[in-house]
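I opened my notebook to follow one side chain and its surroundings, and then to look up the aromatic rings. Here is what I jotted down along the way.

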Amino acid sequence: MDNESFDDPKKHPMTCPCDPNNTYENCCSIAHKNIKAVKTAHQLMRSRYSAFVMGNIDYLQRSHHSTQRPSRKEALEIEQWSKTVKWLELEIVQTTLGVEKDFMGTVEFKAFYIENNQEEVLHEHSRFCKENGHWVYVDAI
């Protein structure tokens, strides 16, 4: 056996949390590094799910509408909670508007996870809009 490390992301790329058929580097990493690269509400939803899975609270804050953004204390609570659950899968149910030319859009999704040894689902219909030239999460409707 050679000394090749399985920690080398170039040889063993990480699967993206939002889509097991894609690598993180080619998917949500792009949004996490540059929110302005997000072209649709659907893409923002996927990148936010991945941020929850990875505990990337800074991105969750950046991708939240400024008037609805959780306080730093609330963000820390969200971060702690997100690390106590085992995220399983994201299912996009439907999207309305939210493409590059739009200003607003909605995404209905189901996020499956295990908490306290019990499978749970967060089923939400989320509203998104553009703020400062990029997509952000507004709220659940």
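I began with the contacts of Arg 48 in this predicted model. Setting aside residues up to four places away in sequence, I found Arg 48 touching Tyr 59, Leu 60, Ser 63, His 64, Phe 128 and Tyr 137. Arg 48 itself sits in helix 2, which covers residues 41-54.

Next I asked myself: which side chain of opposite charge is nearest to Arg 48? I found Glu 124, 7.0 Å away; Arg 48 is buried and has no salt bridge. A salt bridge would need the nitrogen and the carboxyl oxygen within 4 Å. What I did find is a polar contact of 2.8 Å between the side chains of Arg 48 and Ser 63.

So I turned to Ser 63. I located Ser 63 in the loop between helix 3 (57-62) and helix 4 (72-84). Its relative accessibility is 0%, so I noted Ser 63 as buried. Beyond its neighbours within four places in sequence, Ser 63 contacts Ile 35, Leu 44, Arg 48, Val 136 and Tyr 137. I also noted that His 32 lies 31 residues from Ser 63 in sequence, with 9.4 Å between their C-alpha atoms.

Then came the rings. My search of the whole structure gave 6 aromatic pairs. One of them is Trp 81 with Trp 87: the centres are 5.5 Å apart and the planes are at 90°, so I logged the pair as edge-to-face. Phe 128 and Tyr 137 are also an edge-to-face pair, 5.7 Å centre to centre with 70° between the planes. Phe 128 is buried at 0% relative accessible area, and Tyr 137 is buried at 11%.

Note on methods: Residues numbered from 1 in each chain as written. Predicted model: local features only at pLDDT ≥ 70, side-chain atom pairs only at ≥ 80, totals over all residues. Heavy atoms only, no water. Helix = DSSP H or I, 4+ residues; strand = E, 2+ residues; numbered from the N terminus. Buried < 20%, exposed > 50% of the residue type's maximum accessible area, 1.4 Å probe, protein only. Lys, Arg positive; Asp, Glu negative; His and termini not counted. Polar contact = N/O pair within 3.5 Å; in protein donor to acceptor, adjacent residues only side chain to side chain. Contact = heavy atoms within 4.5 Å. Phe/Tyr/Trp six-rings, centres within 6.5 Å; stacked < 30°, edge-to-face > 60°.
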